[in-house]
Amino acid sequence: MSNSDAIGKLKEASSGLQFMSESDYPFEVFGWEGQAEESLTPEKLAQTTGHPADAPVKVITLSDFFRPATEEQDWFGPEEKESAAKLKNLESTIASTLNNVKVYRVGQIEIDVYIIGTCGNDCVGLSTKVIET
């Protein structure tokens with residue numbers, strides 16, 4: 001699959017979706033050409049994304065990131081159930097489209113999230129933000 005195909009699939013699956021935290025933020029799809037995921041250190045990620053070199057970076061799995069938003073709760077109404085289903089679809093699309101997927105959480109409280117995998121020799125992924133106080 002080409003980068004443009006992967007980016008197209010991710011854009012389609014994330015269109016109109018927001019990740020729910022203390023505030024809701026949309027997903028933005030990106031591609032970083034010539035940057036293989038195995039060379040993506042926390043320092044390189046900070047440099048690429050414009051964060052300070054000493055910004056705290058935590059790496060988690062794709063399922064750990066999506067689990068709080070996709071596990072259905074007793075209190076979910078129709079809107080929450082629909083959102084959870086769309087986020088499950090996005091998670092599935094990411095997992096089937098990209099290789100070696102990792103989720104990088106950069107910062108504290110206002111956390112920039114980068115879901116990054118590989119497509120060929122390039123990094124492709126999505127970014128969003130979560131607020132955790």
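## A tour from the core to helix 1

Start with the largest nonpolar core of this predicted model. The core has 24 residues, and those that touch the most other members are Phe-27, Phe-65, Phe-66, Leu-90, Ile-94 and Ile-115. Select these six first.

Next, colour the elements that feed this core. At least two of its residues come from each of helix 1, helix 3 (62-70), helix 4, strand 6 and strand 7. In soluble globular proteins, nonpolar side chains tend to be buried together.

Now centre on Phe-65 and show its surroundings. Leaving aside residues up to four places away in sequence, Phe-65 touches Phe-19, Phe-27, Ile-60, Val-103, Val-113, Ile-115, Thr-128 and Val-130.

A second core of 10 residues is separate from this one. To find it, select Phe-30, Ala-55, Tyr-104 and Tyr-114, which are among its members.

Then move to helix 1, residues 3-14. Its 12 residues reach 16 Å from the first C-alpha to the last, close to the 16 Å expected at 1.5 Å a residue.

Which residues of helix 1 are buried? They are Asn-3, Ala-6, Leu-10, Ala-13 and Ser-14. Look down the helix axis: these buried residues fall within an arc of 100°, so they line one face of helix 1. That face packs against strand 3 (28-32), helix 4 (78-97), strand 6 (110-119) and strand 7 (122-131). On the other side of the helix, select Ser-4 and Glu-12, which are exposed.

End the tour at Gly-16, just after helix 1, where phi is positive, at about 80°.

How values were computed: Residues are numbered from 1 along each chain as its sequence is written. This is a predicted model: local features need pLDDT of at least 70, side-chain atom pairs count only at pLDDT 80 or more; totals for chains, interfaces and linings use all residues. Side-chain values use heavy atoms; hydrogens and water are left out. Helices (H or I, at least four residues) and strands (E, at least two) are DSSP runs, numbered from the N terminus. The expected span of a helix is 1.5 Å times one less than its number of residues. Buried means under 20% relative accessible area, exposed over 50%, partly exposed in between (1.4 Å probe, protein chains only). The arc is that of the directions from the helix axis to the C-beta atoms. Contact means heavy atoms within 4.5 Å. A nonpolar core is a set of buried Ala, Val, Leu, Ile, Met, Phe, Trp, Tyr and Cys residues joined through side-chain atoms within 4.5 Å.
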